[in-house]
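Reader: Please take one helix of this model and go through it closely. I would like its geometry, its two faces and its surroundings in one connected account.

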Amino acid sequence: LLTQLALRSSGLLNIAHVARDTELPHTTLRRYMALLGTTFLFTPLLPWSNKRAKRLVKAPKVHLADCGFATWLCGIYSPGELVKNPMWGHLMETFVVNEVRKLATWAKNPVDLFHFRMDTGKEVDIVLEDARGRIIGIEVKSSASIDRSDLYGLLELREAAGKNWVRGIVLHSGPAVTPFSKDLHAVPMSALWEW
């Protein structure tokens, strides 16, 4: 089960598909999933929504709490293998989600973490929402170069959030900050640790 979840890192959770691939009955699978959640091995990211946003996907995203363990379960055993593997971007997203969760525990303004996905496929990997409803969107890209097409999900979230929108950030593996507008920026992944 853990291997099947690791292989679905950053994807939408579809219990029927997991049950089929693990050959577990739905009732047993749900009990196992609850146990994995209780022991903090499996930490799904719930979907964000509001009244303004229509046609949103309501399924949580799959994230194991330990990205290194998820990588090992995917059969990737070295950094060289990781960057060449099709799972690289998915595992990077899981890593960033877990890092942001850790950082959020000591934030001055507590935030809840969600993901945003429309039925058209436009998505934002992480949505931060504070108690006042203010929204920050974070998109994770394993690429070092970012262009306007990487902003489509953030633009949809900005529209859905309305007056509660604060900022959109694309975290990438490159070295430079790139402003796209006053509230949309591409920022190096290293910014997570350089405060």
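**Helix α3 and its surroundings**

Author: In this predicted model, helix α3 covers residues 26-38, and at 1.5 Å a residue its 13 residues should span 18 Å. The end C-alpha atoms are 18 Å apart, which agrees with that expectation.

Next, the two faces. The buried residues in α3 are Thr28, Leu29, Met33 and Leu36. Around the axis they cover an arc of only 135°, so they sit on the same side of α3. The general background is that an α-helix has 3.6 residues a turn, so residues three or four places apart point the same way. The other side of α3 carries exposed residues: Thr27, Arg30, Arg31, Leu35 and Thr38.

As for the surroundings, the cover over the buried residues of α3 includes α1 (2-7) and α2. Helix α2 comprises residues 15-22, and Thr22 lies in it. Thr22 has a relative accessible area of 18%; buried means under 20%, so this residue counts as buried. The side chain of Thr22 reaches back to the backbone oxygen of Val18, at 2.7 Å. Leaving aside residues up to four places away in sequence, Thr22 touches Leu1 and Gln4.

Finally, the far end of the helix. Just after α3 comes Phe40, which takes a positive phi of about 60°.

Key: Residues are numbered from 1 along each chain as its sequence is written. This is a predicted model: local features need pLDDT of at least 70, side-chain atom pairs count only at pLDDT 80 or more; totals for chains, interfaces and linings use all residues. Side-chain values use heavy atoms; hydrogens and water are left out. Helices (H or I, at least four residues) and strands (E, at least two) are DSSP runs, numbered from the N terminus. Buried means under 20% relative accessible area, exposed over 50%, partly exposed in between (1.4 Å probe, protein chains only). A polar contact is a pair of N or O atoms within 3.5 Å; within protein, one must be able to donate a hydrogen and the other to accept it, and residues adjacent in sequence count only if both atoms are side-chain atoms. Contact means heavy atoms within 4.5 Å. The expected span of a helix is 1.5 Å times one less than its number of residues. The arc is that of the directions from the helix axis to the C-beta atoms.
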